Structure formats: C-alpha cells, structure tokens
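The exercises below concern one protein model with a ligand. Work through each task before reading its solution.

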Amino acid sequence: AAARVLVSACLLGSRVRFDGRAKTVADAVVDRWRAERRVVAHCPEVAGGLPVPRPPAEIEPGASAADVLAGAARILTPEGADVTAHFVAGARAALETARRQGVRTAVLKESSPSCGLLRVYDGTFSGHTAPGPGVTTRLLLDHGIAVFPETALAEADAHLRAQDG
Ligand code: SF4
C-alpha cells in the first residue's frame with residue numbers, strides 16, 4: 001500500500017496559522033502525494049484547542065521542546081499568557097493521528113514552535129530563531145517518525161516511498 005505522510009495543514013493551504021493565513025507550498029511532489037491519497041493534514045495548534053487567529057507564541061528563551069514536553073518550560077504569548085497545555089495536547093494529537101494512519105514520515109513547517117525542525121523562534125518575539133525542533137516535531141522524532149521541513153520535499157518523498165508495502 002502507498003505509505004502516508006503527515007503534513008502541516010498550513011503548508012496545504014489551510015488558513016490555520018496564528019495570523020489566519022496559510023503558508024501554501026506549491027510543489028509537484030505534494031500534488032503527486034495528494035493524487036496518490038498519501039496526505040494526512042494536521043495542525044497541532046488547532047488540534048490542541050487554539051483558535052484562528054491567535055496571538056503568536058514561542059518557547060521560552062533558552063528552553064527546548066524537550067523541556068516543554070517534560071513540563072520544565074512554557075510556551076508563552078507576547079503578553080505572557082501560558083499556552084503550553086494547548087501545544088502539548090496538539091503534539092500528542094499529531095502523534096495519535098500518525099499512529100492511527102500508520103504514518104512514518106512527516107513534512108512540517110520550519111521555524112514554528114510546534115512544527116519547526118532545524119530552527120524555532122527563540123522566545124524573544126523578535127523574529128530571531130534558535131536551534132529546533134518544535135514541540136510536535138520533538139514528540140514525533142522521539143517516536144521514530146522521520147520529520148522533514150518543507151524545503152526538503154525530495155528527501156521526504158524518497159523516505160516515504162521506501163515505506164510502501
Ligand atoms: Fe502550521 Fe504547524 Fe503552525 Fe499549525 S501549528 S499553523 S500546522 S506551523
């Protein structure tokens with residue numbers, strides 16, 4: 001069977017970002033995945049109960065996603081509202097969805113505190129980033145799911161096809 005791939009919903013054109021917009025990736029690889037019915041769309045922050053639009057939120061400066069998942073650090077809005085529980089719930093929902101669908105590959109939106117891989121915003125709300133990953137990415141990686149940023153679709157495609165059975 002064709003293996004399935006979990007994809008950040010905003011990359012697929014869903015207007016689920018904090019600012020109410022999408023970050024659509026227009027790419028033949030994604031078009032082919034859709035045609036082959038491989039795509040499982042997911043937005044961890046919406047799944048975790050946050051509204052659209054919503055205030056931006058970032059992992060506390062100096063803390064990691066692992067710290068957040070361990071309950072040792074928070075995710076805050078610029079006004080200091082604690083939205084950690086929503087982010088953690090959304091990460092767990094992503095893992096549950098992936099498991100239910102037999103997903104072993106994910107393509108997630110770079111730099112997001114949920115979906116980032118290599119970089120995430122650094123908690124200062126200045127547009128600067130720190131090394132990733134985000135909270136959902138951390139949880140998926142910890143459970144053996146390969147995560148690629150939207151800039152590595154060819155690599156994601158190769159990994160995905162290797163899972164076909
Ligand atoms: Fe996109 Fe992930 Fe942010 Fe949802 S949580 S809007 S899927 S980057």
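**Exercise 1. Handedness and packing of two helices**

Determine how helix 4 crosses helix 5, and describe the angle and the contact between them.

Solution. The model is a predicted one. Helix 4 passes helix 5 in a right-handed crossing. Helix 4 covers residues 84-100 and helix 5 covers residues 135-142; their axes are 8 Å apart and meet at an angle of about 40°. Angles under 35 degrees would count as roughly parallel, and 65 to 115 as roughly perpendicular. Helix 4 and helix 5 are therefore oblique to each other.

Next, list the residues in contact. Helix 4 contributes Phe87, Val88, Gly90, Ala91, Ala94, Leu95 and Ala98, which meet Val135, Thr136, Leu139 and Leu140 of helix 5. Sorted by class, this contact of helix 4 with helix 5 has nine nonpolar residues, two polar ones and no charged ones.

**Exercise 2. The ligand shell**

Identify the residues that surround the ligand and sort them by class.

Solution. The residues around the ligand are Ser8, Ala9, Cys10, Val16, Arg17, Cys43, Pro44, Glu45, Lys109, Ser112, Ser114 and Cys115. By class, six are nonpolar, three polar and three charged.

**Exercise 3. Cis peptide bonds**

Locate the cis bonds that precede proline 53 and proline 133.

Solution. Valine 52 and proline 53 are joined by a cis peptide bond with omega of about -10°. Proline 53 sits in the loop between helix 2 (44-47) and strand 3 (58-59). A cis peptide bond also joins glycine 132 to proline 133, with omega of about 5°. Proline 133 belongs to the loop between strand 7 and helix 5.

**Exercise 4. Loop residues: phi and exposure**

Place serine 111, phenylalanine 125 and histidine 128 in their loops and assign an exposure class to each.

Solution. Start with serine 111, in the loop between strand 5 (105-108) and strand 6. Serine 111 is not a glycine, yet its phi is positive, about 80°. A residue is exposed at 12 or fewer other C-beta atoms within 10 Å and buried at 20 or more. Serine 111 has 17 C-beta neighbours inside 10 Å, so it counts as partly exposed.

Phenylalanine 125, in the loop between strand 6 and strand 7, also has a positive phi, about 55°, without being a glycine. Because 15 other C-beta atoms lie within 10 Å, phenylalanine 125 is partly exposed.

Histidine 128 lies in the loop between strand 6 (119-121) and strand 7 (129-131). Its 11 C-beta neighbours inside 10 Å are why histidine 128 counts as exposed. Finally, histidine 128 and serine 111 are 17 residues apart in sequence, with their C-alpha atoms 9.7 Å apart in space.

Conventions. Residues are numbered from 1 along each chain as its sequence is written. This is a predicted model: local features need pLDDT of at least 70, side-chain atom pairs count only at pLDDT 80 or more; totals for chains, interfaces and linings use all residues. A residue is near a molecule or strand if its C-beta atom, placed from the backbone, lies within 6 Å of it. Ala, Val, Leu, Ile, Met, Phe, Trp, Tyr, Cys and Pro count as nonpolar, Asp, Glu, Lys and Arg as charged, and the others, Gly among them, as polar. Axes are lines fitted to C-alpha atoms, for helices over the stretch in contact, and angles run from 0 to 180 degrees between N-to-C directions. Helices (H or I, at least four residues) and strands (E, at least two) are DSSP runs, numbered from the N terminus. Angles under 35 degrees count as roughly parallel, over 145 as roughly antiparallel, 65 to 115 as roughly perpendicular and the rest as oblique. A crossing is left-handed if the near helix is turned anticlockwise from the far one by less than a right angle, and right-handed if clockwise. Two residues are in contact if their C-beta atoms, placed from the backbone, lie within 7 Å.
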